[in-house]
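These are my notes from looking through one model. I kept the entries in the order in which I made them.

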Amino acid sequence: MIHGSQVEGELTQHTTTDLLVHVDGDQAAAAANSLVHYYRDGQPPHQTGGLCLAATVLRTPMGWRLGEVRIMLAWMRKD
């Protein structure tokens with residue numbers, strides 16, 4: 001389940017890199033990086049973070065479906 005910000009009034013904007021995918025038969029590994037800016041409405045960002053995103057993807061009779069998804073914090077900077 002994806003939750004919103006844990007801090008009341010704090011918003012985020014995510015910029016994500018190109019998705020890298022390696023297909024091996026009916027499975028694939030996908031990865032990307034994301035830069036996240038934390039801000040309050042009408043104000044510049046007060047915190048920035050870097051995320052590493054990774055997922056396994058499986059081919060099913062209904063098409064490709066996400067398996068495991070991992071979101072890992074790489075770094076965090078308070079401005």
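Entry 1, Thr48. I began with the accessibility of Thr48, which is 4% in relative terms, so this residue counts as buried. The model is a predicted one, and I read each value with that in mind. I then looked up where Thr48 sits: it belongs to strand 4, which covers residues 47–60. Next I asked which side chain makes a polar contact with that of Thr48. The partner is Asp79, at 3.4 Å.

Entry 2, Asp79. I followed the contact to its other end. Asp79 has a relative accessible area of 52% and is therefore exposed, since the cut-off for exposed is over 50%. The polar contact thus joins a buried Thr48 to an exposed Asp79. Asp79 also takes part in a salt bridge with Arg77, with 2.9 Å between the closest N and O atoms. I checked Arg77 as well and found it partly exposed, at 46% relative accessible area.

Entry 3, the other salt bridges. How many salt bridges does a search of the whole structure find? I noted three. Besides the one between Arg77 and Asp79, I looked up the pair Arg70 and Glu68, whose closest N and O atoms are 3.5 Å apart. Both ends of this pair are partly exposed: Arg70 has a relative accessible area of 34%, and Glu68 has 45%.

I then turned to Asp26 and Arg59, whose side chains form a salt bridge with an N to O distance of 2.9 Å. Asp26 is in the loop between strand 2 and strand 3 (27–40), while Arg59 is in strand 4, so this salt bridge ties together parts that lie 33 residues apart in sequence. For accessibility I wrote down 48% for Asp26, which is partly exposed, and 43% for Arg59, also partly exposed.

Entry 4, Glu10. I wanted to see a charged residue without a salt bridge, and Glu10 is one: it is buried and has none. Which side chain of opposite charge is nearest to Glu10, and how far away is it? I found Arg40, at 4.3 Å. The salt-bridge cut-off is within 4 Å, so the pair does not count as one. The side chain of Glu10 does have a polar contact, at 2.7 Å, with the side chain of His46. In the fold, Glu10 is part of strand 1, residues 10–16.

Entry 5, a surface patch. I looked for nonpolar residues on the surface and noted a patch made of Leu19, Val21, Val23 and Trp64. Together these four have about 390 Å² of accessible area. I took Leu19 as the member to check: it is exposed, with 58% relative accessible area. Leu19 sits in the loop that runs between strand 1 and strand 2 (20–24).

Entry 6, the whole chain. I left the overall figures for the end. The chain has five strands and zero helices, so the order from the N terminus reads β-β-β-β-β. Its radius of gyration is 16 Å, well over the 12 Å from the globule rule for 79 residues, so the chain is more spread out than a compact globule. Along the principal axes, the C-alpha atoms fill a box of roughly 45 × 20 × 15 Å. I also looked up burial for the chain, where 19% of the 79 residues count as buried. Thr48 and Glu10 are among the buried residues I had already entered.

Methods:
Residues are numbered from 1 along each chain as its sequence is written. This is a predicted model: local features need pLDDT of at least 70, side-chain atom pairs count only at pLDDT 80 or more; totals for chains, interfaces and linings use all residues. Side-chain values use heavy atoms; hydrogens and water are left out. Helices (H or I, at least four residues) and strands (E, at least two) are DSSP runs, numbered from the N terminus. Buried means under 20% relative accessible area, exposed over 50%, partly exposed in between (1.4 Å probe, protein chains only). Lys and Arg count as positive and Asp and Glu as negative; His and the chain ends are not counted. A polar contact is a pair of N or O atoms within 3.5 Å; within protein, one must be able to donate a hydrogen and the other to accept it, and residues adjacent in sequence count only if both atoms are side-chain atoms. Patches are made of residues with over 30% relative accessible area and no salt bridge: like charges are joined within 9 Å, nonpolar side chains (Val, Leu, Ile, Met, Phe, Trp, Tyr) within 5 Å. Accessible areas come from the Shrake-Rupley method with a 1.4 Å probe; for residues, only the protein chains shown count as cover. The radius of gyration is taken over C-alpha atoms; the globule rule is 2.2 Å times the number of residues to the power 0.38.
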